[in-house]
Amino acid sequence: MTEYSTPKPVEPTVYDLSSPGRVGHTFPQCDVPLADFPAGMTRDDLPLPELSEVDVVRHYTRLSQLNHGVDTGFYPLGSCTMKYNPKINEEMARLPGFTQIHPFQPIETVQGALALMYHTQEWLKAISGFDAVSLQPAAGAHGELTGVLIIRAYHHACGDEKRTKMLIPDSAHGTNPASSAMSGLQVVEIPSDARGNVDLEALRQHCDDTLAGLMITNPNTLGLFDENLAEVCELVHQAGGLVYGDGANLNALMGIARPADYGIDVLHFNLHKTFSTPHGGGGPGSGPVGVTAELAQFLPGPIVDVVDEGDQDEPPLYGLVMPEKSIGRVKSFWGHFGVIVRAFTYMIMLGEEGLRAASEHAVLNANYLQARLRDTYHIPYDRICMHEFVAEGRWPDAPEVHALDISKRLMDFGFHPPTNYFPLIVHEALMIEPTETESKETLDAFADALIQIAEEAHTNPEILKTAPHNTPFGRLDEVKAARDLVLCCWVPEKSGF
Amino acid sequence: MEFPKDLKYTKNDEWIRVEGDIGVVGITDYAQDQLSDVVFVEYLVGEGDTVSQGDVCATVESVKAAADVYMPVSGEIVAVNEALADAPETVNSDPYGEAWMVKVKLSNPSELDDLLDADAYQALERDH
């Protein structure tokens, strides 16, 4: 077993390390006349920690060593596509031409940045088959909300205001119902059939003239390509609805299948999943939205377009345009530009063949793991998977062991746990997504750990119930964590709390 | 796991105990077991509200998931169990007793005929 070499004891807070009077800076002598703040506007104290520079650097370096990230270990968090973030992405995003510009500069002076955005739109169009793309939305769920608002705007523009029902399969991403509800639509859940596809009979029952659309995740959260997809889209279209595609699982499809070709009308891309930019707290996300020609006029703007074709002497002039019936702005300025630079770098570094190879390897890796674990873990929808698969973390002859215990035990082996308890249609779900960059050695080490844990579940369940043992903290009290929301360690005395 | 004989059940794992024209509603032992540790109970209805069969009356959140609680019958809400807000763990420890969620004055007692008895509820095909 690999020992997880984490520094102990656990790091004190930056306030605990504070020493009165210690500083990490010296100010130059003031060369302007001093002015006093008006009386009553100054505070008596400012309880910030006082440390030297080296104290601060060591503190945050030690904290970073307590973390688990894709740069430190395998991170098979299903549905999240925690793929490696190539370092050249960071190098490009730090180019002065991208960092030293302002969104309100005259467009003639930021042509490079606009060209990058334009070509990112073009790449996303080529990968998805859509006619138009907006880079505005700030993250995946934001892209969903944007897409649903576009569907709503389309029906309203057609004078069809009774279409208020959004169908969502039970294998869809958990954010889909929230995005629909936020848009004022009524959510109806559609069950899956025995093979993990959308249940066509159930779908037919809801295809009436109140249908706004359907939100489908493909591959779905079981990691399966819906075998009924063409028919699903056709049924929705026949009833006058539109099909929203949740592009969170696009990592399985690049260069292989284009969502627009199989009937999707609107789709969001997760640049922080499929296109290797950092996730969430590691840097903002980005959720561009692609649409068919029919919906292009409703996209949020501004969108980058060629405003002057140029000629043999002059390059094309890029500018920012607002689509005719745009749902409006959904983000300040021009989206998360720094993230777009990283995603564009990833696309052009890999090229068409490289992107396809990334998807193929993601699918191959998931199928390899599924094949290695199939005899040990029950796989309820057991067929060739796409980029991820869902196993059950339970055995009839080890009734006290749950998926949560397996995940906690995995941390002892230095692996990030898979997604737990999602999708809800699998009991004790363990949702495993290895991504394309992992070697056979890493996949084997992970499979070996899971097989050993399955053995322990039967012979020594206590070691699972009390895991993790090799991490800075042991088993956390999740009930207390959920209920007792103390989110800061220090409360200002005057706050009244 | 217990399923008292004097209760009626829904396929969505709610129970109702009828006392005169009042129905007491909660979630079943199976539901609390599936959810695991309950951390929040939030009501979407209040005393005096009129509800229909199938309306969401509460949301139960556990460390694993959040689940809606649906009204097994229609009627007027006459009480909600505010004690669960401070002690949601009661849903795990006493799902048929202290952890009742709402009391409803039945407006259409014939709806009870749509519900399951303990044997039929236990016989539901579940994937486990």
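Biologist: How many residues does the contact take from chain A, and how many from chain B?

Modeller: Keep in mind that this is a predicted model. The contact draws on 10 residues of chain A and 14 residues of chain B.

Biologist: And how do I put a size on that, in terms of area buried between chain A and chain B?

Modeller: The general idea goes like this: interface size is often quoted as the accessible area that is lost when the parts come together. In this model, about 960 Å² is buried between chain A and chain B. Carbon and sulfur atoms give 56% of that area.

Biologist: How many salt bridges does the rule find across the interface of chain A and chain B?

Modeller: There are 2 salt bridges by the rule. One of them pairs Arg483(A) with Glu89(B). Their closest N and O atoms are 3.4 Å apart, which means the pair meets the 4 Å cut-off for a salt bridge. If you go by polar contacts instead, the count between the two chains is 4 residue pairs, with both residues at pLDDT 80 or more.

Biologist: Which element of chain A gives the largest share of the side that touches chain B?

Modeller: That's helix H13, residues 478-483 of chain A, with 4 residues. Taken as a whole, chain A's side of the contact splits into 4 nonpolar residues, 1 polar and 5 charged.

Biologist: Let's move on to sheets. In what order do the 7 strands of the open sheet in chain A come?

Modeller: In general, the strands of a sheet pair through backbone hydrogen bonds, and they can do so in parallel or antiparallel fashion. In chain A, the order across the open sheet is S1-S7-S6-S5-S4-S2-S3, and the pairing is mixed. Strand S1 (132-134) and strand S3 (186-190) of chain A are at the edges with a single partner strand each, so each has one side without a neighbour in the sheet. On average, neighbouring strands here are turned by 25° against each other, direction ignored.

Biologist: Do you have a pair I can click on? In which sense do S2 and S4 of chain A pair?

Modeller: Strand S2 (residues 165-169) and strand S4 (residues 211-217) of chain A run in the parallel sense, with 3 bridges. To find the register, look for Lys165(A), which stands opposite Leu211(A) in S4(A).

Biologist: Which strands of chain A does helix H5 lie across?

Modeller: Helix H5 (residues 140-157) of chain A lies across S2, S4, strand S5 (242-247), strand S6 (266-269) and strand S7 (289-291). Relative to S5(A), the helix runs at about 170°.

Biologist: Now chain B. What is the strand order in its open sheet of 6 strands?

Modeller: Read it as S1-S2-S3-S9-S8-S5, with antiparallel pairing. The edges are S1 and strand S5 (50-51) of chain B; each has a single partner strand, so one side of each lacks a neighbour in the sheet.

Biologist: What do the hairpins at the start of that order look like, and which residues take a positive phi there?

Modeller: Take S1 (residues 8-9) and S2 (residues 14-19) of chain B, which pair antiparallel over 2 bridges. Lys8(B) stands opposite Ile16(B). This hairpin has 4 residues between its strands, and Asp13(B) has a positive phi near 75°. Next, S2(B) pairs antiparallel with strand S3 (residues 22-27) of chain B over 6 bridges, and Trp15(B) has Gly26(B) as its bridge partner. That hairpin has 2 residues between the strands, with Gly20(B) at a positive phi near 65°.

Biologist: How many bridges link S8 and S9 of chain B?

Modeller: Strand S8 (residues 75-80) and strand S9 (residues 102-106) of chain B are joined by 5 bridges, in the antiparallel sense. Ile77(B) has Val104(B) as its bridge partner in S9(B).

Biologist: Last stop, backbone oddities. Where does Pro302(A) sit, and what joins it to Gly301(A)?

Modeller: Pro302(A) is in the loop between S7 and strand S8 (303-308) of chain A. Its link to Gly301(A) is a cis peptide bond with omega about 0°. Ala467(A) and Pro468(A) are also joined by a cis peptide bond, and Pro468(A) is in the loop between helix H12 (461-465) and H13 of chain A.

Conventions: Residues numbered from 1 in each chain as written. Chains lettered and ligands numbered in written order. Predicted model: local features only at pLDDT ≥ 70, side-chain atom pairs only at ≥ 80, totals over all residues. Heavy atoms only, no water. Contact = heavy atoms within 4.5 Å. Buried area = accessible area lost by both parts, 1.4 Å probe. Salt bridge = Lys/Arg side-chain N within 4 Å of Asp/Glu carboxyl O. Polar contact = N/O pair within 3.5 Å; in protein donor to acceptor, adjacent residues only side chain to side chain. Nonpolar A, V, L, I, M, F, W, Y, C, P; charged D, E, K, R; others polar. Pairing = 2+ DSSP bridges. Axes fitted to C-alpha atoms, helices over the stretch in contact; angles between N-to-C directions.
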